[in-house]
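Reader: Hey, I'm new to this one. Can you pull it up and walk me through it?

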Amino acid sequence: MMNPRLIIFFAVLGATLATGAFLSAAQNASQGTIQASNNHNKPSRTTHADSSQEGDRVFAEHCARCHNAPEGFSPRIAGTITRHMRVRANLSPEEERAILRFFNP
Amino acid sequence: MSLLGLGGRAPAQDTPLLSGGVAFVTNTTGGNATYIPLIQPLAVVPLGNHFLVESRAGLLELFTPTSSGYEHSHFTALTYLQGDYIASPHLTVVGGSFLLPFGTYNERLTPVWIGNFQDESLAEPIGQMGTGVGLGGQVRGSLLSSARSSFSYAAWFSARSDNLQFNSERSSGGRAIAYFPGQRLELGASYGRLLQESHENFVGMHLWWQTKDAGFRVRSEAMRGEHAYGYWFEADYRPICEGGGPVSFVRRFEPLLRMQQTFRIDNAASDGVPAQNTQRVDFGLDCNLPHNARILSSYSRQFSSAGDVNIWETGIVYRFLLPAWKGR
């Protein structure tokens, strides 16, 4: 007979993952609609936008895994922050440059 | 995600920075309330294009209840002080006193301005060699990074030190992490070996996953030593990162759930893990206020043969991040 607390644990774990999957699916569906709409209005993108999007992606993938973004900081320390994060988050040089461009486009 | 306000349009510079968190937290365990004002400053100083010196410290005052009121004591400690040399795109050499890269919690979630819960997981001491800090050298870096996957590594060797500010055990170990951006999935494994006295081995594994944009994260970790083993998993929903406009009141709240268990193999070592098999569930609600402030709150129920207990925690944290020197 399985321990009742273990049953509760797996039930909570299952519910948590199901909630995540639901939120992910809902977000993807809504994002698909927004992207379709944006593509209709803006068929082409500039290089600057691509660069910013790349930094946005790298930030979301590598920095937001651990912490929320600070609300703002001086551009004087943008280079220091990215170098610190390169060491702490084991970023590649390309990822470091993408985040730096994202901080200071 | 929009990060309006970050950086700016002025040229990026490598000015030394001063960051950290100031917090006031309370913990009520079994009806006994403890109050802790604390500050964790972090300094980062780049030297040239390849060197970086970084350090974090902790200063706190602990107010604990006694039969006749409250007594207080204070602690001031250097958490780490390390020098980093970026030798190549795939190799960074670290020297000095550093946080052990075993598991995820010690390096990534211990800053007071980052952690969702005030206290660490019950199983966290496993693999941290007593202090969580090594004194010696470390190599780390990104092995491979592409749009589909990235792999990173860290390996350390630490000498024994009884110095009050650089207390460490003789140990070695490492960690490898694979990350898959498409799935937002991170998998990692850690190994550590205590190289003195009982010569113990520690292993750990972790799995982190987050939805692509919804801000839902699941983080989990399991570790095993020769006297105890355990795991924790934490889920949080953080819906404030999208848009770019003003964040609504409701979207500032971040609900949290954490479950954890520890198991004793024997009680031969006082390793910081509970002396009895323990289960605990934590429910939290954090509020991300404007100007880098956060309110943390949680309720926990802990079950063990030593007695079940309720734990209430509240706290307010302010994060600062500013240049420590004038720019060019």
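Reader: What share of chain B counts as buried?

Author: Of its 328 residues, 39% are buried. A residue is buried if 20 or more other C-beta atoms lie within 10 Å of its own, exposed if 12 or fewer, and partly exposed in between, with C-beta atoms placed from the backbone. Keep in mind that this is a predicted model: local features need pLDDT of at least 70, side-chain atom pairs count only at pLDDT 80 or more, and totals for chains, interfaces and linings use all residues. Residues are numbered from 1 along each chain as its sequence is written, while chains are lettered from A and ligands numbered from 1 in the order in which they are written.

Reader: OK, and what radius of gyration does chain B have?

Author: Chain B has 20 Å, which agrees with the value near 20 Å for a compact globule of 328 residues. That radius is taken over C-alpha atoms, and the globule rule is 2.2 Å times the number of residues to the power 0.38. The C-alpha trace spans about 60 × 50 × 40 Å along its principal axes.

Reader: How many helices and strands are in chain B?

Author: There are 1 helix and 16 strands in chain B. Helices (H or I, at least four residues) and strands (E, at least two) are DSSP runs, numbered from the N terminus.

Reader: Which strands does β3 of chain B pair with?

Author: On one side, β2(B), residues 32–47, runs antiparallel to β3(B) and is joined to it by 9 bridges. Strand β4(B), residues 69–88, also pairs with β3(B) in the antiparallel sense, over 16 bridges. Pairing here needs at least two bridges found by DSSP between the strands.

Reader: What links them up?

Author: Hairpins. β2(B) and β3(B) have 3 residues between them, and B:Gly48 in that turn has a positive phi of about 70 degrees. The hairpin from β3(B) to β4(B) goes through 2 residues.

Reader: Which residues could I click on to see the bridges?

Author: Try B:Ile39, whose bridge partner in β3(B) is B:Leu59. For the other pairing, B:Glu61 has B:His74 in β4(B) as its bridge partner.

Reader: And B:Ala57, where is that?

Author: B:Ala57 lies in β3(B), residues 51–66. Because it has 17 C-beta neighbours inside 10 Å, B:Ala57 counts as partly exposed. Neighbours within four places in sequence aside, B:Ala57 is in contact with B:Pro41, B:Ala77, B:Leu78 and B:Thr79. A contact means that the C-beta atoms of two residues, placed from the backbone, lie within 7 Å.

Reader: How much of the contact set in chain B is between residues 24 or more positions apart?

Author: Such pairs account for 53% of the contacts in chain B with a separation of 6 or more.

Reader: Switching topic: how many residues are in the largest nonpolar core?

Author: That core has 30 residues, and B:Leu100, B:Ala123 and B:Ile126 have the most contacts inside it. Its largest share, 6 residues, comes from β12(B). A nonpolar core is a set of buried Ala, Val, Leu, Ile, Met, Phe, Trp, Tyr and Cys residues joined through C-beta atoms within 7 Å. Apart from the largest core lies another, of 21 residues, including A:Ala60, A:Phe102 and B:Val44.

Reader: Now chain A. What's its average pLDDT?

Author: Chain A averages 71, and 54% of the residues score at least 70. pLDDT is the predictor's confidence in each residue, from 0 to 100. Among the elements of chain A, α1(A), residues 4–41, has the lowest mean at 56, and α3(A) has the highest at 93. Over residues 31–47 of chain A the pLDDT is below 50, and this stretch has 2 contacts in the model beyond near neighbours in sequence.

Reader: Why is α3(A) largely enclosed?

Author: Because 10 of its 11 residues, in the range 78–88, are buried, α3(A) is largely enclosed by the rest of the structure. The buried ones include A:Ile81, A:His84 and A:Met85. Just after α3(A), A:Asn90 takes a positive phi of about 55 degrees.

Reader: Last one: is B:His199 buried or exposed?

Author: B:His199 counts as exposed, because it has 11 C-beta neighbours inside 10 Å. B:His199 lies in the loop between β9 and β10 of chain B, and has a positive phi of about 45 degrees although it is not a glycine.
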